[in-house]
Amino acid sequence: MSMENALPISHRQRLWLYALGGLVMLFLIAPSVIIVIMSFSGSSLLEFPPQEWSLRWYESYFGSVEWRDATIVSVKVAVMTAIVATLLGTAAAYAINARTLRLTGLINALLTASLIIPVILIGIGTFFLYARIGLNNTLTGLVIAHTVQALPLVVLTVLSGLRSYDMNQEMVARSLGAGRFSAFFQVTMPQIRFSIVSGALFAFITSFDEVVVSLFISGGETTTLTRRMFNALRDQIDPTIAAISTCLIVLSIILLSAAQLFGRGR
Amino acid sequence: MSVASASLDHAGRPDAALNTDALRADARREARGLLALLSPGLVLVFAVIIVPIGWLFWLSLFDESGELSAANYARFFEQASYIKTFVTTFKVAFTVTGACVLLGYPLAYMLSQLPRRAVSICLIFVILPFWTSVLVRTYAWLVILQRKGLVNTWLMDLGVIGQPLPLANNFASVVIGMTHIMLPFLVLPLYASMRTIDVDCLRAGMNLGASPAATFRQIFFPLSLPGLASGVVIVFVLCLGFFVTPALMGGGKVIMWAMRMEQTTSLYSNWGAGAALGVVLLAVTLALLGLFHRLLGARATGVWSER
């Protein structure tokens, strides 16, 4: 079913619309482009376009022990969050998709709660809870908090994969004698693996970019990259952050393209 | 949680009496297995979100001497600084939502009219910022808008202005930064709903002699309103609790709700007052989403599954 040339309106009559849409797209993308270009500037003044080019801000990023440690913390937490959230989220999506449990609405609401509840409240609440059980400033605490925030994305992504998959195939496998688990791993999972991988990538990026909750519950040796960036931005505008930002943008592009690629393989 | 709560709607009919028990046991086993799959995620959400929020709610009911009182809530009506925070928050939220509608509607409309191939390219411009760290984008706007930032430098080089304009650290910069962050939340659901509008309706209108403008106004626009509403609600709700951009770009002058919560708890360690702020914020958020759900029957979390 093609939507092309659906209406008798020529592209010429629509020029104003394309111009307006183009401007909005420019508004959306320009800040990232500007930061990427400025990160290669040779001067400590933030000028655009830069008069001279250098990699000094990247050297200052990779050369600094503090920035490196914070990056390592963030990577560790994001990898663990991706693993845990993908396991829990896939299991939950599978159970929701079966539709035999009651209270599906409540279960859905609980699992996606962290998308709706103001993040600041989650941050304060987690800090308050962790203070009682000694999880503040620990990797475990960060992974748990980030997992809760990433879980809804995994559930929604895997669920949409499961919805386009015919569950009868698994039923056939089971009726032919396969156990529940081998039926899932041999029949269902290969067909929804792309959604699972996409979910994992979204979980990773959610954790890696998370700021507000990390502000409350990370610190000292477990300071995340975003927390350190936030504090640095509060004081002054350090061009090193342009280099770090560029790395984050590139990471987003890579992960999104991967998710897109996997999504297409579905 | 009781295992017996699993639904057994196929069982219990008199003519299936022979197999009923076996089937019921089977279904129960099935339900138990599914519940086991769900429980780790549910337990985690319960422990990290529900329990602390409940706890904070409990705390908010006591004053500083430990007496049960409504002092934490009464403060909101009595102290001018709180009232100012609420006014600022709603002002920012309304302005940002309005700006998102003005910028987002034409973009979504354009996307809905383009061929699929062009859309997949244009959508990159929406989705890439959506998945770029909020911090990175806020930093970018700081660089662009600050005193010696790009806009001021350019304008001064062009001779338009003699003195740098105060673009950063004020209401306007918070609105600009937040609009940039919220825009995809409006465009994505709006675009998705515009895609479902049947082109035959528009074609019929034009066949019957309506001009393109009239077709848009009388057919397309009304049909796009539910999608617009879901975008507006999600943007507005996210604005109410937003922290990063106002904290970094407000210059300490634009105090929004979430910043107030952070200050009250981190700076003054007044958990009761901070918790009360959180409770009201959550109540407002849920009320808005509930109202929206009731009026339109749509789920605001849709934006995350419509990427």
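This report walks through a predicted model with chains A and B, from its confidence scores to one residue and one helix pair.

Residues are numbered from 1 along each chain as its sequence is written, while chains are lettered from A, and ligands numbered from 1, in the order in which they are written. Because the model is predicted, local features need pLDDT of at least 70 and side-chain atom pairs count only at pLDDT 80 or more, whereas totals for chains, interfaces and linings use all residues.

**Confidence**

The model scores ipTM 0.89 and pTM 0.88. In chain B, the average pLDDT (the predictor's confidence in each residue, from 0 to 100) is 86, and 91% of the residues score at least 70. Residues 1-9 of chain B have pLDDT below 50, and this stretch has 15 contacts in the model beyond near neighbours in sequence. Two residues are in contact if their C-beta atoms, placed from the backbone, lie within 7 Å. Where pLDDT is low, the predicted coordinates should not be read in detail.

**Chain A and Val155(A)**

Chain A has 12 helices and zero strands; both are DSSP runs numbered from the N terminus, with at least four residues of H or I for a helix and at least two of E for a strand. Its C-alpha atoms fill a box of roughly 70 × 65 × 30 Å along the principal axes. Of its 266 residues, 47% count as buried, that is, with 20 or more other C-beta atoms within 10 Å of their own (12 or fewer is exposed, in between is partly exposed; C-beta atoms are placed from the backbone).

Val155(A) lies in helix H7 (residues 139-163) of chain A. Val155(A) counts as buried because it has 28 C-beta neighbours inside 10 Å. Leaving out residues up to four places away in sequence, Val155(A) touches Gly89(A), Ala92(A), Ala93(A) and Leu111(A).

**Where the chains meet**

The contact takes 81 residues from chain A and 77 residues from chain B. Helix H1 (residues 17-60) gives the most to the chain B side, with 19 residues.

**A helix pair in chain B**

Helices H9 (residues 212-240) and H12 (residues 271-296) of chain B pack at about 175°, with axes 10 Å apart. H9(B) is therefore roughly antiparallel to H12(B).

The table splits two contacts in chain B by residue class.

| Contact | Nonpolar | Polar | Charged |
|---|---|---|---|
| Side of chain B that touches chain A | 55 residues | 18 residues | four residues |
| H9(B) with H12(B) | 12 residues | two residues | no residues |

Ala, Val, Leu, Ile, Met, Phe, Trp, Tyr, Cys and Pro count as nonpolar, Asp, Glu, Lys and Arg as charged, and the others, Gly among them, as polar.

Key:
Axes fitted to C-alpha atoms, helices over the stretch in contact; angles between N-to-C directions. Parallel < 35°, antiparallel > 145°, perpendicular 65-115°, else oblique.
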